[in-house]
Structures are given as C-alpha cells and as structure tokens.
Amino acid sequence: MKAQPLFMEPVFKEMIWGGTALRDVFGYDIPGDDTGECWAISAHENGDCTVRTRNADGTPAPTDLDGIKLSALYREMPALFWGDAAEGAPARFPILTKILAAADDLSIQVHPDDAYAHEHENGADGKTECWYVIDAKPDATIIIGHNASSKEELKQMMDEKRFKELVREIPVKKGDFFFIEAGTVHAIKAGTLILETQQNTDITYRLYDYDRLQNGKPRELHLEKCLDVIPCPYQPKKVPHAEVRAFSNGSYIRNLVTCGLFGVNLISVTDELKICGKDVRKTFTIVSVLDGEGAITRAADSAETWQIRKGEHMILPADFGAYTLTGNLQIVTSWPE
Ligand code: ZN
C-alpha cells in the first residue's frame, strides 16, 4: 500500500511583533493575541510538528504514524521522504515552512550561510529563506538589502544607529515573492502575512530592534556576527525560477524559485488540475493550502481522496505518485533540491 499524505499539526509562537491574523485569516487556535508565527511544516527542535493521518471522511486513519513528531518520523522512516534516494539523504529534515503574521515590525536581521553557521553555530545549517506574500495592508513595506559601500561604512552606520539610511525599504503587496539569500539584510514589517519557505534552522542575527523592550529588556543584538556575514556592497540578485504554466481551465503553476536548496511553486486550481509527468517528484513534496477548499486524489486509485482546505499543511511522501487537485485552491508547494 502506498503512503498517505502526512497532515501536520502546526506549532504557534507568540512574538513581540505578533497579532491575531493567524486566527482571523486561517481560523487557527492561537495561544494569544500576540501570535506571530505558525510553524506549519517543521521538524526543528524549537517547534516540532505532530503528524496526523486521516481517512477520506476526515476521521483519523488507523495508522501508527498518527501522533508521531515529524522529526521522529523522519529519523525512523527516511524512505517515506526520499524513496530510492534515502541512503544519501540529509540527517535533518531540510525545509521549514512558516506563516508569519506581522502586526508590528520584525527586527532588522540577517542569517549566516552554511559555511559560517557550521563553524560558528555548533554545526547548524545556514538560512536562505523566501517569502510569498499572502496579504499586505495598502501601505505595507519590507526591507531587503542595504546601502553601505564597505564594511567600514556598514560598521559606522550601525554604530551611529543610522538604520533608516542604511536599509533599502520597498513597498509590498499581495502576491509578491522575495528570495532572501543568506547574508541579505532584511525585515518583514507591520501589516504583512507571509508564507516563508526556508532552510531548517533557527539562527538569526539582529542588527536593530527599534529599541523595543520584551519583558522590560531589549532583545539581544548580534552586531559582530552581522558585520561578519553581510557582504558589502549589497548586490541584488535575480530570483532563479522557471516560467508560469497556464492551463485552459484557468489553473496555473508558477515556479517562484528553484535554487540549490529548495524549489517553491504557487499552484492555482480552478475546478481541476492534474499533477503528473515531470511535476511528480521522486522525493517528498510539502503542500500548504492558502485559500479555498477541495480535494487531492491519488491518480492510480480514485477511491483514495482526501479533503483539503485553507490553512492545512501536509507532506506528500516520496511514493505518492501522480494526483489530481479538485476544487478552487491556492496552494504553495515546496521540495528539496
Ligand atoms: Zn529572516
């Protein structure tokens, strides 16, 4: 018998910049009115998701996978994720998918690359991330990149707290996509709802936190490490991606990014879309439903159908095969490269 979709029970994080959008938009049962992050697909020790399996009618499926943590499942059954490639597979689940709901500004920050993190962060991976903007208020902005021409100038501007002058701030709107390579200065700002696909790591170096207090104290800054990992001058790069493929019924598949770490697609389904041929991956696929409701049916067996709806996240195992999406759905998928 082929493996079923692994639905995820997300982990929520309250944040100094959080709010209620995760409840208002997705109906999640959030822990408080300052909830900022939904760790939707995560095997990270700081927020390990619980696996849920279910039958077509929504009742829990009789499998021993239900209730297990994603990290444990990944350790115990690598072939479920990697199929024939399980032997050389990474020891840690490689991707972390979050929804970020910013009611206030996130700190101005940067993440290290793999080489720097391996050396300075106990062998952890670096963090390249990317953002699909689910929604944004009319005047919302984000920060990507900086204006310092050299490390000396960067240090001086940081020392003198000339952050407005240092960073590049740009308008953001629903449907935008940004690729934030390790080493890129960035900040998500108030009034944005973002689906983030990133390397499975939790290392952030803060340049500036707007002199805010959390429990009466400022959050830690990491100025030395910031200086180490930020290249000067900043060189914006084109996002590596493939073209949009449109289908006659209005459905489309838009490749948002394909980098050496992961690939991310936006899939819009009108009535029906078959995922077959080269779109069927030999390793696992992460699926996040951002809007609408419908179903996913395994192509080989039309009796195997699972209802899916807005706010649900799942992993399709390596042997899942071709499938049909029905309904009206906005979905983001991702996979390891
Ligand atoms: Zn970040």
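## The zinc site

Histidine 186 has a relative accessible area of 2%, so this residue is buried (under 20% relative accessible area, with exposed meaning over 50% and partly exposed in between, for a 1.4 Å probe and protein chains only). Keep in mind that this is a predicted model, where local features need pLDDT of at least 70, side-chain atom pairs count only at pLDDT 80 or more, and totals for chains, interfaces and linings use all residues. Residues are numbered from 1 along each chain as its sequence is written, and side-chain values use heavy atoms, with hydrogens and water left out.

His186 (NE2) is one of the protein donors of the zinc ion, along with Gln109 (OE1), His111 (NE2) and Glu129 (OE), at 2.1 to 2.6 Å from the metal. Donors here are N, O and S atoms within 2.8 Å of the metal (3.2 Å for Na, K and Ca); water is not among the atoms, so sites may look incomplete. Along the chain, the donors are spaced as Q-x1-H-x17-E-x56-H. Histidine 111 sits in the loop between β8 (108–110) and α4 (114–120), and histidine 186 in strand β13 (residues 186–188), so the two tie together parts that are 75 residues apart in sequence. Helices (H or I, at least four residues) and strands (E, at least two) are DSSP runs numbered from the N terminus. Histidine 111 is also buried, at 1% relative accessibility.

## Nonpolar cores

The largest nonpolar core has 45 residues, and Leu6, Leu70, Phe81, Phe93, Ile99 and Ile315 touch the most other members. Such a core is a set of buried Ala, Val, Leu, Ile, Met, Phe, Trp, Tyr and Cys residues joined through side-chain atoms within 4.5 Å. Helix α2 (residues 70–76) gives the largest share, four residues. Domain 1 (6–229) and domain 2 (244–336) each supply at least three residues, with bounds from an automatic or database domain assignment.

Take a look at phenylalanine 93: beyond residues up to four places away in sequence, its contacts (heavy atoms within 4.5 Å) include Leu70, Phe81, Phe284 and Ile315. A second, separate core of 21 residues includes Val110, Ile203, Tyr208 and Val229.

## Arginine 54

Arginine 54 lies in the loop between β6 (50–52) and α2 and is buried, with a relative accessible area of 18%. Its side chain makes a polar contact with the side chain of glutamate 312 at 2.9 Å. That term means a pair of N or O atoms within 3.5 Å; within protein, one must be able to donate a hydrogen and the other to accept it, and residues adjacent in sequence count only if both atoms are side-chain atoms.
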